[in-house]
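Here's a friendly walk through a structure you haven't met before. Have a look at the picture first, and then we'll go through it piece by piece.

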Amino acid sequence: MKRSFWKILLLSYPLVIGSGAANATSPAVQPPPMSTTLTLTGQEKIDALIASLGAIKNRVTDNGINTVGAVGYAALGGVIVDDAMNDGIITQAELDDYIAAKDLVINHDYETATTAQQLFTQEYQGAMNDLDAAIDLLADASAEILTATGVMETAATADTSPEQTALQGMLGTDEYSIDQAEVDAYNQAVAQVENYAQQAGAFMAAANNADLTASIDSYAQVNNFVVGNYTTITYTQNIDEFVINWDDDGFGSGWQGYLTDDMVSATELFTAGEYVEQYGTMPN
């Protein structure tokens, strides 16, 4: 019973962390009424999906907490009352809202952005997908390097001839040695993570910058072309500039200096990383 209790506790812990302050009394987030779906924008449909998933996630999170308590009380001889775990049951209405919202999102045309905010949001998602792949490569490259650095412990205690001979043998293996190719792969992976994280952050900041998006939307409207028909977009951090080209329409322009307040220094980056490792969330 003790092993089962800890198993349930460990399984529920990520749910609690992921849900923040969710608890058994937290109100379920309600999506917009489905009767208004004909007038919903694409983003509003996504918001409805998020809200419906949030309601279901709250149920599962509440059940995880209640299950820990139920198993704990069962081990102590506590008798929980009927329906004590009802807060963890997903209702039919919640499932229906999710299915309706999911269908709305699946059937919406998101391919062509009609506003600058949509454009930047799409670019953000693409950069995040690239970042996810880059992190996988960095994890593999880091594992190779860290395995080789494991020889440090042996080296630190190698004060006899047999131990020093054993150390020589370890250093002669691929597993415990670092070569140029491994260093190059690691450094390249670090650079890719930095690049995609920088791009994703810039696109997200841009999507939330009303002055920037309004300027781009106005530029498209005045010149009578669709924002989403752009052919290239680049962001250069050291001059804080977006350059967007609409080659098929014969237009292109740059927008500079909009993200000054969103820059993150190397010190801030490292501090945030330490905070996340300790507390599981970004600092406020």
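Two residues count as being in contact when they have heavy atoms within 4.5 Å of each other. With that in hand, take the contacts in the protein chain between residues at least 6 apart in sequence: 66% of these join residues at least 24 apart. Keep in mind that this is a predicted model.

**The overall layout**

The protein chain has nine helices and three strands. Read from the N terminus, the order of elements is α-α-α-α-α-α-α-α-β-β-β-α. Of its 284 residues, 26% are buried. The accessible surface adds up to about 18200 Å², and carbon and sulfur atoms account for 56% of that.

**Helix H4**

Helix H4 covers residues 116-149. How far apart are the end C-alpha atoms of H4? They are 47 Å apart, which agrees with the 50 Å that its 34 residues should span at 1.5 Å a residue. Several H4 residues are buried, including Leu-119, Phe-120, Leu-131, Leu-138 and Ile-145. A good number of alanines belong on that list too, among them Ala-116, Ala-127, Ala-134, Ala-141 and Ala-148. The cover over these buried residues includes helices H5 (151-157), H7 (180-207) and H8 (210-223), along with strands E1 and E2.

**The sheet**

Now for the strands. They make an open sheet of three, in the order E1-E2-E3, with antiparallel pairing. E1 and E3 are at the edges with a single partner strand each, so one side of each has no neighbour in the sheet. Neighbouring strands are turned by 10° against each other on average, if you ignore direction. As a bit of background, strands of a sheet pair through backbone hydrogen bonds, either parallel or antiparallel.

E1 (residues 232-236) and E2 pair over five bridges, with Thr-232 having Asn-245 in E2 as its bridge partner. Four residues sit between these two strands in their hairpin, and Asp-240 in the turn has a positive phi of about 50°. On the other side, six bridges join E2 to E3 (residues 251-256), and Trp-246 has Phe-251 in E3 as its bridge partner. The hairpin of E2 and E3 also has four residues between its strands, and here Gly-250 takes a positive phi near 80°.

Which way do the side chains of E1 point? They alternate: Ile-233 and Tyr-235 point to one face and are buried, while Thr-232, Thr-234 and Thr-236 point to the other and are not. E2 (residues 241-246) is two-faced as well, with Phe-242, Ile-244 and Trp-246 on its covered face and Glu-241, Val-243 and Asn-245 on its uncovered one.

**Aromatic company**

The structure holds 12 aromatic pairs. Two of them are set out here.

| Pair | Centre to centre | Angle between planes | Kind |
|---|---|---|---|
| Tyr-219 and Trp-246 | 5.8 Å | 40° | tilted |
| Tyr-235 and Phe-242 | 4.5 Å | 40° | tilted |

What does the pair of Tyr-219 and Trp-246 tie together? Tyr-219 lies in helix H8 and Trp-246 in strand E2, so the pair links parts that are 27 residues apart in sequence. Is Trp-246 buried or exposed? With a relative accessible area of 0%, Trp-246 is buried. Tyr-219 has a relative accessible area of 22% and is partly exposed, because buried means under 20%.

The other pair belongs to the sheet: Tyr-235 stands opposite Phe-242 in E2. Both Tyr-235 and Phe-242 are buried.

Finally, which residues form one aromatic cluster with Trp-246? The cluster is made up of Tyr-219, Phe-225, Trp-246, Phe-251 and Trp-255. You've met Phe-251 already, as the bridge partner of Trp-246 in E3.

Key
Residues numbered from 1 in each chain as written. Predicted model: local features only at pLDDT ≥ 70, side-chain atom pairs only at ≥ 80, totals over all residues. Heavy atoms only, no water. Buried < 20%, exposed > 50% of the residue type's maximum accessible area, 1.4 Å probe, protein only. Pairing = 2+ DSSP bridges. Expected span 1.5 Å × (residues − 1). Phe/Tyr/Trp six-rings, centres within 6.5 Å; stacked < 30°, edge-to-face > 60°. Axes fitted to C-alpha atoms, helices over the stretch in contact; angles between N-to-C directions. Areas by Shrake-Rupley, 256 points an atom, 1.4 Å probe, with all protein chains shown as cover.
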